[in-house]
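Trainee: Could you walk me through how the inside of this protein is packed? I'd like to start with the core and then look at the helices.

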Amino acid sequence: MIELEGMPELIDPVMVAAFEGWNDAGDAASTAVAHLDREWKGEVFAALDAEDYYDFQVNRPTVWLDGGVRKITWPTTRLSVVRVGGDKPRDLVLVRGIEPSMRWRSFCNEILGFAHELGVEMVVILGALLGDTPHTRPVPVSGITSDPDLARTMDLEETRYEGPTGIVGILQEACTHAGVPAVSLWAAVPHYVSQPPNPKATLALLNRLEDLIGLRIPLGELAEDARAWQLGVDQLAAEDSEVAEYVQTLEEARDTAELPEASGEAIAREFERYLRRRDSGGPGGHATDGGEGPYLRDPAGGRTKPPMPPRPEPESGSPTDEDRSGGTSRSGGDEGQDGPPAGDDEGPEGRAGEQDDSGDRNDRGEGEGGERPES
């Protein structure tokens with residue numbers, strides 16, 4: 001461990017973590033933590049030693065110039081703290097990094113060491129998986145825990161997943177065995193448009209996190225970006241009749257399955273969030289997941305449209321993991337989520353884009369991506 005600054009004293013802290021790689025379809029989870037860090041001006045206080053946990057042929061370091069001096073940035077996991085004021089101040093410890101290549105138990109023990117030293121009251125791990133969900137509907141987000149009491153008190157799903165897992169599932173179980181309350185939130189990303197960024201899924205994760213920890217999260221331009229992303233995908237889908245037909249099939253299946261929830265608990269939850277934002281006097285109302293607007297700009301300021309792959313083979317059931325990982329859709333990966341966020345019958349630990357030797361995301365995740373969140 002490399003400690004960069006002194007350990008801060010925190011108020012009722014919650015640790016929020018996300019890791020790039022198999023558990024981060026569409027970069028939705030890592031982008032959510034990056035958003036929190038940027039909006040609340042997080043202060044990095046520690047980083048894990050990269051040589052202990054990363055294979056640099058898989059996650060390569062980068063070279064950059066600082067005033068003409070060449071410097072190297074090593075792939076690692078960093079911890080920062082953000083101070084959230086208001087009537088009920090609560091601090092957040094943000095953990096953001098890359099899924100480690102080795103020594104996962106030691107990796108989790110280091111993070112738990114920070115959690116104990118800082119007095120963290122709960123750990124929330126964000127993940128994203130690929131699923132059979134249409135981009136035109138609200139992003140499903142499942143809350144998963146291994147703690148039966150926590151599941152009852154916080155209206156979460158108790159994990160029942162069995163199968164391959166990623167660092168999200170491993171860290172959650174490590175927290176459970178250490179006696180630290182832990183929850184994982186999994187967003188389902190449409191498998192036919194899985195390439196990052198996916199601001200709609202990021203927004204959905206932040207909305208659910210806001211409900212879970214009772215803090216109003218500034219959303220910045222995420223709502224506009226989410227609307228723009230959806231409009232861009234709408235336009236691409238309209239250009240391909242097979243894709244449009246496939247999306248319509250997913251819409252019909254989703255609407256039929258979720259009609260009771262859409263008319264009950266989901267509407268009540270959304271209305272409560274709206275009231276909280278209105279009462280807090282924040283700018284604008286609560287941002288929704290859908291909408292229209294100009295197409296999302298990429299980080300470089302240009303316009304990019306994610307390629308729209310052909311529709312997966314419509315078999316008698318939903319496409320298999322093999323079809324998705326070897327076909328036209330990119331399998332990002334979600335690691336062990338325990339609940340069924342996307343409506344798949346497997347655990348979310350099966351698809352989450354891995355990285356190849358050049359540091360690029362692999363289009364295939366094996367095992368956890370499209371299944372129900374495991375954790």
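Mentor: Let us begin with a term: a nonpolar core is a set of buried Ala, Val, Leu, Ile, Met, Phe, Trp, Tyr and Cys residues joined through side-chain atoms within 4.5 Å. Please keep in mind throughout that this is a predicted model.

Trainee: Okay, so which residues touch the most other members in the largest nonpolar core?

Mentor: That core holds 40 residues, and those touching the most other members are Val-16, Leu-92, Val-124, Leu-126, Leu-185, Leu-209 and Ile-213.

Trainee: And which elements each supply at least two residues of it?

Mentor: Among the strands these are β2 (14–20), β6 (78–84), β7 (90–98), β8 (122–131) and β11 (182–190), and among the helices α1 (28–39), α6 (199–213) and α7 (222–238). The largest share, eight residues, comes from α6.

Trainee: Is there another core apart from that one, and how many residues does it have?

Mentor: Another core of 36 residues lies apart from it, and its members include Tyr-53, Leu-79, Leu-171 and Ala-182.

Trainee: Back to Leu-185 for a second, what does it touch?

Mentor: Leaving out residues up to four places away in sequence, Leu-185 touches Val-124, Ile-125, Leu-126, Gly-127, Val-141, Ser-142, Gly-143, Leu-205, Arg-208, Leu-209 and Leu-212.

Trainee: Now helices: at what angle do α1 and α6 pack?

Mentor: They pack at about 60°, with their axes 8 Å apart, and are therefore oblique to each other. The crossing of α1 past α6 is right-handed.

Trainee: Which residues meet there?

Mentor: From α1 come Ala-28, Ala-29, Thr-31, Ala-32, His-35 and Leu-36, which meet Ala-201, Thr-202, Leu-205, Leu-206 and Leu-209 of α6. Sorted by class, this contact has eight nonpolar, three polar and no charged residues.

Trainee: What about α6 and α7, is that crossing left-handed or right-handed?

Mentor: α6 passes α7 in a left-handed crossing, at an angle of about 140° and with the axes 8 Å apart. On the α6 side the contact is made by Pro-199, Lys-200, Thr-202, Leu-203 and Leu-206, and on the α7 side by Leu-222, Ala-223, Asp-225, Ala-226, Trp-229 and Gln-230. This contact has seven nonpolar, two polar and two charged residues.

Trainee: Last one, how do the axes of α3 and α5 cross?

Mentor: The axes of α3 (residues 104–118) and α5 (residues 167–177) come within 10 Å and cross at roughly 55°, and the two helices are therefore oblique to each other. Trp-104, Phe-107, Cys-108, Ile-111 and Leu-112 of α3 make the contact with Ile-167, Ile-170, Leu-171, Ala-174 and Cys-175 of α5, and by class it has 10 nonpolar, no polar and no charged residues.

Terms used. Residues numbered from 1 in each chain as written. Predicted model: local features only at pLDDT ≥ 70, side-chain atom pairs only at ≥ 80, totals over all residues. Heavy atoms only, no water. Buried < 20%, exposed > 50% of the residue type's maximum accessible area, 1.4 Å probe, protein only. Helix = DSSP H or I, 4+ residues; strand = E, 2+ residues; numbered from the N terminus. Contact = heavy atoms within 4.5 Å. Axes fitted to C-alpha atoms, helices over the stretch in contact; angles between N-to-C directions. Parallel < 35°, antiparallel > 145°, perpendicular 65-115°, else oblique. Left-handed = near helix turned anticlockwise from the far one by under 90°. Nonpolar A, V, L, I, M, F, W, Y, C, P; charged D, E, K, R; others polar.
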